[in-house]
Amino acid sequence: MMKDVNVLMVGVGGHGVILASDGMAEIGVNNGFDVKKTDSLGMAQRGGSVVSHVRWGEHVFSPMIKRGEVDYLLGFEELEAARWAPYLRPGGVAIVADVVVIPISAIGGAASYPSWDEIKDLLGQYTDNIYLIPATRIAQEVGNPRAVNMAMLGFLSAFLELSAEAWTDTMRERLPAKFVESSVQAFLKARDEAKAMMQ
Amino acid sequence: MKQLLSGNEAIALGAYHAGVAVATAYPGTPSTEILENMARMDGVHAQWSVNEKVALEVALGAAMGGVRAMASMKHVGLNVAADPFFAASTTGINGGLVVVSCDDPGEHSSQGEQDNRHVARFAKVPMLEPTDSNEAYQLMDWAFKISEEYDTPVLLRGTTRISHCKTVVEVDKERPPELRQPGFLRSPTKWVMVPSNARPRRTAMEDRIAKLCDYVESFPMNEIIPGNKKLGVISSGVAYQYAREVFKDASHLKLVTLYPLPVNLIRRFAEQVEQVIVIEELDPYLEDAVRQLGIPVRGKDFIPIIGELNPEIVEQAAVKAGLLPAPAKPAAETKPPPALPARRPQLCAGCPHVATEYVLRQIGFKAPDAKERPLKKDEIVVTSDIGCYTLGVYPPLAALDTCACMGASIGQALGMEKAGITNKVVAVLGDSTFMHSGITGLVDIVYNEGNSTVIILDNGTTAMTGQQGHPGTGIAATGKPARQVKLETLCKGIGVEDVNVVDAFDVKALESTIKRCVASDEPSVIIARGPCSLRVKDRKKSLFVDPDECGGCLVCLDLGCPAIIKTEDDKVRIDGSVCVACGVCAQVCPQEAIRESE
C-alpha cells in the first residue's frame, strides 16, 4: 500500500511553482501513483498568489487538499507560506525558500510585510517541522537563478521514499536541454542539504 | 498508455483522436488551452476567431461542410455565441459539432458567475460533463458520435477545476487514418431557416430529445457506486470527486449525461437508498430535476449556491446539516492569523497600459481611494472593458469607472452621452477586445453622431489569457504569420476622422492627445501602442533612483509599478530585477531623479 502524499506549493506568479508542481505530478505517475494536481492562479502572471495542490496516492478523488491535511507545505515565497500555514496538518512539514516579494499593498505602506520570526511563529502554530532553506544561494551556486523551484523539489524529496533517480530521470526527460544540468544539480544539492539538516 | 493531462489537454487530445478537422475558439480562462493544444496538432485547422460567435459559426459551417468541428469558449463566451448555438440546434449538423463551455465557479478570472448547464436545456442540446481528464478524453469521442447519430450539436460542459486540473488519462485511441470527407449536401429544408423550414425542424428537435432520453439511460459512463444504503449522493463534474472524498461510505450516483438526464437510472438509485442528496456546484440543476421526479432530496439547503466548492466546504456543510459526524477537534485551538498583506493581481512592470491609465486618473481628477459619490462638473468618466487594464480599477491607479462585458465600454460611453450627462466620457479597451466586439460599438458611435473618445490600448496581443494572437497582431493560432487587420485603417474605414496613434510610454503625448480629443465635439480614437512587457525579448538595463535627488514626493508610486519600492526613509528605490526600463516613472518624477543605470 502506497502512502498518500499531499503537497501544497505556494508562491507568486513567475517563480516556477507551476513547473515544479507539474514535475512532481509527473514523477508521481512515473512511479506508479494515482496523481491529481491543480492550480489556483487567477490572474497570477500579474503578481497574484499561485497555489498548486499535488496529491499522490493509491486512488485520489479530490484534486484539492483539505485545510489541515497538507503533509508538505512548499513556500516559494515567505509571505505566501505564512498565508497558507493553516492548511498544514499537525506535524506536517513546512519548507520555505528564502525569497521575499513585497506585494504592492505593502509597498505603499498600507500593511507591513511580516518578519521571518513572525512567519515562523505563525507556521509554528501548526507544526514544529519548519525549514527555511537557502534556495536562492543554491540556485546561484548552480548558475541558474531560476532553479529555486528545483531546489525546493530537491529539499522535499529528502522527506519522501523515492530515490533521487526517480526524480531526476523525469527531470532529464522533460526539462529543456539547456536547463537540465543546472536543474538536476540544484535538486541534488538541496536534497543533500536537507538530509544534513534533518540529522 | 497513461498520460498526465489537464482537462483542457484531454479535451484537445480526445477531439483529435475523434477526428476533428476544424477547431475554433476565442481565448478565455479557463478554456484557452484547448485551442492552443489543437493548434499544435497535425491535420487540424485550428484558429482563433475574432469572437466566440464567429468561432461557433465557423465550426458550424465546417460541420455543415461534412467534417467534425469543435468550438471552445469560456462560460460568458457562450453568451456571445448564443445565437449560432441556438441556430445550430435548430438546423442540426452534418459532420459532428461539439461546443465546449468552460464555466468558472468562483470567478477566478471572470466578470461573472453562471451555470451553463441551463443553456443545454434552453437550447435543447445534449450535454455531457466529465469528472476528470480521463473522462474528458473519453467523452469527446462519445460527443461526436452522439452529434452525428442524433443530428445535433453537443455541449461538453466543464469548469475551471476540470480544465486546469491534471489527472491520469488512459490514452487508448489514435487519430483515425480516414477522416470524414468534406462536402456540402444542398438541402434548403435543413439549412435555410425561413419559418416554413424552421417549423418542421422544431419537431425534429423534440423528437431528437425524446430519443436521447432513452439513449442516456444506458450510457456507460453514468455509474452507480454501491455503498452504505443510508445515504445516496448524486453528483457530477468535479463535485463528484469532492462527494467521493467526503462521503466515503455512502452510495454514489455519478452523472455524466446532464441533458437529458437518465431519469430511470436516478429513480433506481433513489430506490436503493434511504436518503438522497445532491452535491453540485452553482445552481440546483440536478437537485431540481431529482425533485421533479417526486424524490425527496436535499442539496442547496446546505451546499452553497455561490462560488466554487472544495472538499472542505462540502464536509463542513454536511456536518452542519447533520449528514456527517463532527470531526474530532484539533488538539489546540490556534490563534487567529494576523492580517497579512494581500497580494492581488497588478499590472506588470513595463506594462504599456500604465501611462494611459495614469494620465486618465490625472486629467479625470480621480482619487485613489475614490468612494461612491456624484461626479464634479469637469471630471471625466472612463468606461472600461475586459482585459489586463481592468486591474487599473485598483489603487493607486484607480482610473476606471466601469467594466461589464467584452466590448461594452464603447456602447456604455455612447449611452452615457445620450443620457445627457455633461461629463466627458472616454472608453478604454484593449486591441483584442476591440476586435472581439468593440468594432460594432464604434460603428454605433459614428452612425448615431456620438463624440466619445475611444482609447484602444494596443499591446499587440491578447495578454490576459496568455499572449494569443488576434487579427490585429498578424499572427495565427499556429504561430505562423497571418494577414494583419490594421487598427488605424479599420477605425478610419468606420468613419472616425480623428484617429491618433500614440506611443504608450510617452506620458506627455498621451496627455496632450487625450485632452485634445476629450475637448473635441467629434468622435475620436486614440491607439496607445506599446508591446506587452511579457513579450519584450531584449530587456533594457533597469532604471535607478538617485537617492540624493529623490525628494520623497512619492508621485511615482501612483503608477502602481511593482518595481518601485518605498524605502525606510520615505524615498523610493527601483528593484532592478523587476524593472524593464519602460521609462514612465522617469517622466512623472518632478525631480528627474530616475535615470538609466550607469
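These are my notebook entries on a predicted model with chains A and B.

**Conventions.** I number residues from 1 along each chain as its sequence is written, with chains lettered from A and ligands numbered from 1 in the order in which they are written. Since the model is predicted, I kept local features to pLDDT of at least 70 and side-chain atom pairs to pLDDT 80 or more, while totals for chains, interfaces and linings use all residues.

**Confidence in chain A.** I looked up pLDDT, the predictor's confidence in each residue from 0 to 100, and found that chain A averages 92, with 93% of the residues scoring at least 70. Among the elements of chain A (helices are DSSP runs of H or I with at least four residues, strands are runs of E with at least two, numbered from the N terminus), helix α3 (residues 104–107) has the lowest mean pLDDT, 72, and strand β4 (residues 70–75) the highest, 98. I keep in mind that where pLDDT is low, the predicted coordinates should not be read in detail.

**Strand β1 of chain A.** I find seven of the eight residues of β1(A) (residues 5–12) buried, where buried means 20 or more other C-beta atoms within 10 Å of the residue's own, exposed means 12 or fewer, and partly exposed lies in between, with C-beta atoms placed from the backbone. Taking strands as paired if DSSP finds at least two bridges between them, I note that β1(A) runs antiparallel to β3(A) (residues 49–57) over eight bridges, with Asn6(A) standing opposite Arg55(A). β1(A) also pairs with β4(A), in the parallel sense and over four bridges, and there Val10(A) has Gly75(A) as its bridge partner.

**Where the chains meet.** I count two residues as in contact if their C-beta atoms, placed from the backbone, lie within 7 Å; on that basis the contact between the chains takes 41 residues from chain B and 44 residues from chain A. On the side of chain B, the elements that give two or more residues are β1 (2–6), β8 (165–170), α11 (237–246), α14 (311–320) and β21 (564–566). I sorted that side by class (Ala, Val, Leu, Ile, Met, Phe, Trp, Tyr, Cys and Pro count as nonpolar, Asp, Glu, Lys and Arg as charged, and the others, Gly among them, as polar) and obtained 21 nonpolar, nine polar and eleven charged residues. Strand pairing also crosses between the chains: β2(A) (residues 34–40) and β8(B) pair in the antiparallel sense over three bridges, and Lys36(A) stands opposite Thr167(B) in β8(B).

**Domains of chain B.** The domain assignment, which is automatic or from a database, gives domain 1 (2–175 + 189–217), domain 2 (223–320), domain 3 (354–535) and domain 4 (543–596). I find the centres of domain 1 and domain 3 of chain B, taken over C-alpha atoms, separated by 32 Å, and 15 residues of domain 1 in contact with 16 residues of domain 3. On the domain 1 side, α2 (32–38), β3 (45–48) and α4 (75–80) of chain B each give two or more residues, and β3(B) gives the most, with three. That side divides into nine nonpolar, six polar and no charged residues.

**Core and helix α13 of chain B.** The largest nonpolar core (buried Ala, Val, Leu, Ile, Met, Phe, Trp, Tyr and Cys residues joined through C-beta atoms within 7 Å) has 243 residues, of which Ala151(A), Met152(A) and Ala59(B) touch the most other members. Not counting residues up to four places away in sequence, Ala59(B) touches residues including Val22(B), Met70(B) and Leu97(B). In α13(B) (residues 285–292), I list Tyr285(B), Leu286(B), Glu287(B), Ala289(B) and Val290(B) as buried, and these pack against elements including α6 (117–123), β10 (228–236) and α12 (263–272) of chain B. Just after α13(B), Gly294(B) takes a positive phi of about 85°.

**Backbone exceptions in chain B.** Most residues other than glycine have a negative phi, and most peptide bonds are trans. I noted a cis bond from Tyr259(B) to Pro260(B), with omega near -10°, in which Pro260(B) belongs to the loop between β12 (257–259) and α12 of chain B. Another cis bond joins Pro395(B) and Pro396(B), with omega about 5°. Lys124(B), not a glycine, has a positive phi of about 55°; Lys124(B) is partly exposed, with 18 other C-beta atoms within 10 Å.
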